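This report introduces a structure to a reader who has not met it before. Please look over the sequence and the coordinates before reading on.

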Amino acid sequence: MKLGFSPEEEAFRAECADWLQAEMTGAFADIRGITNLSDAIGRRREWEQRLGEAGWGCIGWPRAWGGRDATIAQQVIFAEEYARAGAPNRINHIGVELAGPTILAFGSEEQKARYLPEIAAGRQIWCQGYSEPNAGSDLANVKTRARREGDDWVVNGQKVWTSLAHYSDMVFVVARTEEGSAGPKGLSFLLMDMDQPGIEVRPIRQINGEAEFNETFFTDARCPADAMLGAAGDGWKVAMALLAFERGVSTLGQQMQFRNELDAVIAASRANGKAADPVIRQKIAQAEIGLRLMRYGALRMLSGADLAAIDGAALTYKIQWATWRRGLGELGMEVLGQAGEIAPADDYAWPQLPNLFLSSRADTIYGGTNQIQRNLIAERGLGLPREPRGKA
Amino acid sequence: MEFAFTEEQAMIGETVRGFFAENATSERTRKAMAGEGIDRALWASFAGELGLAGIGLPEEHGGAGLGMVELAQVAEAAGAQVAALPLLGHVMLGQALAKGGTEAQKAALLPRLAAGEVIATAAWEAKITAEGNRVSGEAAFLPHGALADLLLVRAEGKAWIVDLKAEGVGVTGHVTMDQTRPFATARLDGVAAEPLADGAAGWHAALAAGWICLAAEALGGAQAALDRTVAYSKERVQFGRQIGSFQAYKHRLADMMVEIEQARSAVYWAACAVDEGSDEATISLHSAKSFSADTFFMCAGNMIQLHGGIGFTWEHDAHLFFKRARSIQTLLGDGQWHRERIAAMVLDAGLGVAA
């Protein structure tokens, strides 16, 4: 058991830090510090391409596909330095962290050659087509259908909560390919081009007034027959494997954003004198502890390496961070007091902490609600009986 | 960076879990509770046959070497069985001597501690004054103090070793809520005592080891409370179903696991940080002690609730966990105290990402 980094790893840290600092104080200084998923998209596409051409876009991938075969420690270091440099949140998080690893795991050589270099080069932004109006927590209740027509799959249905769909190039879709099937059987995993007449994207306005996610409608939308990952009927297996990648190294980068948010709460408390209030001090200390433990939980989960195995740290991670961040949003407002409830300008747009308060309500819902997480923990982690199910 | 047990550490973990599960049985612990609060036979085989009392103590003085990670593994396994062992004072005095003792003190005392021949206790806060090498005053809340041979106490900016069998010492044992770690008060009247060579380093090391010991005991206790409650929830049938199939019940168990996994990260983060001399050692210790203690209390409280009436009986072991959890929460600084230390680091000094 060892927490420290080796001299070689520290040298790698210096290399990442130098490059990132140079970019963020030079050519890309204008997009430094952006954390949302809606601002300056054009420039951030250029940034994705810059990462790709310098070989920093997907360092954990194999060299053969544009990665660096980076060790877990190196990926941890890169994630930390990326955030420390103030580099903007990755708009191709889904491509790099989810679509790529899933294609690596399930794709044919031909499919890998078709998609991976585009993602690695930062030219192809991806979004995720899982949830539907009647398939939220019950994801297997997908109704979107795909039927075979000549050399194409033809897709009809509706997805919802598709983050980034309004500027993505590709979407992976879980669709029902076996007529009359129900539940996890008969689903398939399709990789579809967003730029086609059969796909329509409508933004959804959220409680903070912004619109980062969408409804996505498929009306005779098409993809070629060989754009299916795995075989017909393997969709559930592929979709679940993809979710396991969500607990990967990207969590470290996400934590650096949390660090930034906690620092903002700390700064606000110092600025308005709440830092002297003993109750606030206790709560800030507890938040600090929670964030530190998140880091070491992630390092435990990554050091375990085998993401497929049942691992307590991995199984509990989602509810842990989501609950922590929602709590931080509330603490931020407690620190600000009533002043936090007045917008700074004439439009319904919020500075960091009030926005955190509002936006973090999504954290305990998306990617499996806290209630679903507790079911998973109880059933997979503790071996308790499964929830009774109604008739499909 | 590899935040996982080495093969050797995994073996140590397996050995100590097996030892405590087999020997620190409820029956034996209850016998100790009704008596002096120590299972002396357990302590003898812990120190003698397994050599575990020497973990964390230097090999040249009869110790087993190794560090805080291994010490945490031992304390975690002991905590899982709520073993009645004088471990806390033992690790505190051992580390105080190892890091702050004179060569003569180390040579004289460390081999006896490693062999389990002496029982040690330590005072968190004491009203003690020193005149020359004689100490006077009162040291309260001494864990296993009524049976201890040696006391580690701080006075006048120094750390002292007091022989509790010496002249001028009066020790009063107390009926204590946690009968596996009863408290005593020592009154000292001009007792000859030995200062450590480096009191600050010794006291610092004693606290680090004590906090890790308590946090790890709490982790083991919390996990055991969860495991035992899960087992019960699969046996017990009401309304024609295993009670563990009810969502209200499952979700409480899931919440326990969420806290326990964080406590596990906390304990081994702190143990590693101390072993590696990391900048994070201080914040990790305050985090581990406060978080693990709260986790244990939450889990032990749930253990009683989720067992229903049987969990409230003397016969069931739930109260052993519950009382140990409460005791750990207040030993060596309560949660508020530790969190205030962290608040001071974060809010008053400014602690960036790097720290």
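Which residues touch the most other members of the largest nonpolar core? The model is a predicted one, and in it A:Leu190 and B:Ile212 hold that position among the 235 residues of the core. The element that gives the most to this core is helix H7 of chain B, residues 199-235, with 19 residues. Apart from its neighbours within four places in sequence, B:Ile212 is in contact with B:Met68, B:Leu71 and B:Ala72. The other contacts of B:Ile212 under that condition are B:Ala270, B:Ala271, B:Val274 and B:Ala288.

**The two chains**

The table sets out the values for each chain.

| Chain | Helices and strands | Radius of gyration | Extent along principal axes | Buried residues |
|---|---|---|---|---|
| A, 392 residues | eleven helices, eight strands | 21 Å | roughly 70 × 50 × 50 Å | 46% |
| B, 355 residues | eleven helices, nine strands | 20 Å | about 70 × 50 × 40 Å | 57% |

A compact globule of 392 residues would have a radius of gyration near 21 Å, so the 21 Å of chain A agrees with that expectation. For 355 residues the expected value is near 20 Å, and chain B, with 20 Å, therefore agrees as well. Contacts between residues at least 6 apart in sequence can also be sorted by separation. In chain A, 72% of these contacts join residues at least 24 apart; in chain B, 73% do so.

**Where the chains meet**

Between the chains, 43 residues of chain A are in contact with 42 residues of chain B. On the side of chain A that touches chain B, the elements that give two or more residues are the helices H3 (72-84), H7 (250-272), H8 (278-304), H9 (312-336) and H11 (370-381) of chain A. H8(A) gives the most to this side, with 15 residues. By class, the side of chain A that touches chain B has 20 nonpolar, twelve polar and eleven charged residues.

**A helix of chain A and its cover**

Helix H6 of chain A runs over residues 235-245, and its buried residues are A:Gly235, A:Trp236, A:Val238, A:Ala239 and A:Leu242. These residues lie on the same side of H6(A), because they cover an arc of only 165 degrees around the axis. The cover over the buried residues of H6(A) includes helix H4 (93-106) and the strands E4, E5 (187-193) and E8 (228-229) of chain A.

**Two loop residues of chain A**

Most residues other than glycine have a negative phi. Two residues of chain A are of interest in this respect. A:Asp69, which is not a glycine, has a positive phi of about 50 degrees. A:Asp69 belongs to the loop between helix H2 (41-53) and H3 of chain A. Is this residue, A:Asp69, buried or exposed? A:Asp69 counts as exposed, because it has 11 C-beta neighbours inside 10 Å.

A:Trp161 also is not a glycine, and its phi is positive at about 60 degrees. A:Trp161 is found in the loop between strand E3 (152-160) and strand E4 (170-176) of chain A. With 22 other C-beta atoms within 10 Å, A:Trp161 is buried.

**Strands and hairpins of chain B**

In chain B, strand E2 (residues 126-131) and strand E3 (residues 134-143) pair in the antiparallel sense over six bridges. Opposite B:Lys127 stands B:Glu138 in E3(B). The hairpin of E2(B) and E3(B) has two residues between the strands, and in this hairpin B:Gly132 takes a positive phi near 60 degrees.

Strand E4 of chain B (residues 150-155) pairs with E5(B) in the antiparallel sense, over six bridges. B:Ala155 stands opposite B:Lys158 in E5(B). Two residues lie between the strands in the hairpin of E4(B) and E5(B), where B:Glu156 takes a positive phi near 55 degrees.

How many residues of strand E5 of chain B are buried? Strand E5(B), residues 158-163, is mostly covered, with five of its six residues buried. E5(B) further pairs with strand E7 of chain B (residues 183-195) in the antiparallel sense, over three bridges. In that strand, E7(B), the bridge partner of B:Trp160 is B:Pro195.

Note on methods: Residues numbered from 1 in each chain as written. Chains lettered and ligands numbered in written order. Predicted model: local features only at pLDDT ≥ 70, side-chain atom pairs only at ≥ 80, totals over all residues. Core = buried A, V, L, I, M, F, W, Y, C linked by C-beta atoms within 7 Å. Buried ≥ 20, exposed ≤ 12 C-beta atoms within 10 Å, placed from the backbone. Helix = DSSP H or I, 4+ residues; strand = E, 2+ residues; numbered from the N terminus. Contact = placed C-beta atoms within 7 Å. Nonpolar A, V, L, I, M, F, W, Y, C, P; charged D, E, K, R; others polar. Pairing = 2+ DSSP bridges. Rg over C-alpha atoms; globule rule 2.2 N^0.38 Å. Arc of directions from axis to C-beta.
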